[in-house]
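Q: Could you take me slowly through one part of this model, the region where neighbouring strands turn back on one another, and then show me how its surroundings are packed? I am in my first year, so please explain each term as you use it.

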Amino acid sequence: MKLDRIPPWLHRATDSVHEDFADTLGRARAVRRVMAVASKPRQAAVLVLFGGSPESDPGAPGGLPADAEVLLTQRASTMRQHRGQVAFPGGAVDPEDSGPIDTALREAWEETGLDRDGVDPVAVLPKLFVPPSRFDVTPVVAYWRNPSQVRVVDQSETERVVRVSMADLLAPANRFVVRSGLGYQSPAFEVDGMLVWGLTGGILAGLISSLGWELDWDRTDVRDLEEALAAVGMTL
């Protein structure tokens with residue numbers, strides 16, 4: 001990871017731990033500690049890939065440029081787990097992978113056709129446990145130095161591959177909290193006809209806060225998860 005190749009607006013991501021990021025995902029990490037006692041989690045990694053001008057915008061929070069974007073996928077509705085959910089490219093560790101960066105880049109190539117040579121890794125964040133699949137997920141933050149064409153490679157796994165504008169994600173009108181009938185609560189974003197929530201929403205919310213990109217939004221806006229999903233044509 002070479003700092004001179006990382007845009008100034010992503011420099012803070014190179015810190016090993018951000019308090020805001022830890023606070024946002026503290027519950028997931030607590031669950032991991034409890035459940036890991038009963039069974040050993042499987043290992044996975046996801047690629048949190050940001051693109052945009054390498055130059056900071058001095059008038060924007062955290063210097064985030066107006067053309068900043070993040071790469072997201074929407075899982076196929078036919079999948080057994082996490083069907084239809086919005087996620088970062090990523091997946092399970094293969095024995096041949098040299099580490100979480102290699103896993104994240106390989107999986108992103110397999111899912112979206114991403115040219116990994118145009119990607120500069122920025123930071124490897126703490127592992128997060130995902131109870132439904134019992135995966136220990138390592139988020140890998142990266143900068144898309146040379147964006148390549150991306151697409152759905154396997155329709156049985158992925159429905160959409162989307163380069164989402166950070167300006168749309170950060171717009172206060174597109175941010176709220178979702179709560180399930182069982183009391184699970186998550187940061188959420190409604191963007192490009194999708195609801196981003198769960199692990200993906202939590203990682204984004206934590207990074208947005210810790211990197212200083214956040215705009216004021218209504219944290220008291222709490223919506224029913226199933227209703228919020230239905231509003232964009234999605235289901236649990």
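**The hairpins and the packing around them**

A: A good place to begin is R179, whose bridge partner in strand β10 is Q185. This is a predicted model, in which local features need pLDDT of at least 70 and side-chain atom pairs count only at pLDDT 80 or more, while totals for chains, interfaces and linings use all residues. Residues are numbered from 1 along each chain as its sequence is written, and side-chain values use heavy atoms, with hydrogens and water left out.

Strand β9 (residues 175-179) and strand β10 (residues 185-191) run antiparallel and are joined by five bridges; two strands are said to pair if DSSP finds at least two bridges between them. Strands (E, at least two residues) and helices (H or I, at least four) are DSSP runs, numbered from the N terminus. The hairpin of β9 and β10 has five residues between its strands, and G183 there takes a positive phi near 95 degrees.

On its other side in sequence, β10 also pairs with strand β11 (residues 194-196), again in the antiparallel sense, over three bridges. In this second pairing E190 stands opposite L195 of β11. The hairpin formed by β10 and β11 has two residues between the strands, and D192 in its turn has a positive phi of about 55 degrees.

The loops beside these strands also bring two aromatic rings together. Rings of Phe, Tyr and Trp (its six-membered ring) pair if their centres lie within 6.5 Å, with planes under 30 degrees apart counted as stacked, over 60 as edge-to-face and the rest as tilted. By this rule there are four aromatic pairs. One of them is the tilted pair of W9 and W213, with 6.0 Å from centre to centre and 55 degrees between the planes. Because W9 lies in the segment before α1 and W213 in the loop between α5 and β12 (222-224), this pair ties together parts that are 204 residues apart in sequence. Both W9 and W213 are buried, a word that means under 20% relative accessible area, whereas exposed means over 50% and partly exposed in between (1.4 Å probe, protein chains only). Y184 and W197 form an edge-to-face pair, 6.2 Å from centre to centre with 70 degrees between the planes. Y184 sits in the loop between β9 and β10, and W197 in the loop between β11 and α5, 13 residues apart. Y184 counts as partly exposed because its relative accessibility is 37%, while W197, with a relative accessible area of 11%, is buried.

L195, met above in β11, also belongs to the interior. A nonpolar core is a set of buried Ala, Val, Leu, Ile, Met, Phe, Trp, Tyr and Cys residues joined through side-chain atoms within 4.5 Å. In the largest such core, which has 49 residues, L195 and W213 are among the members that touch the most others, along with L10, F50, V70, V141 and M166. Helix α5 (residues 198-210) gives the most to this core, with five residues. Beyond its neighbours within four places in sequence, W213 is in contact (heavy atoms within 4.5 Å) with residues including W9, F50, M166 and I208. W9, F50, Y143 and W213 form one aromatic cluster.
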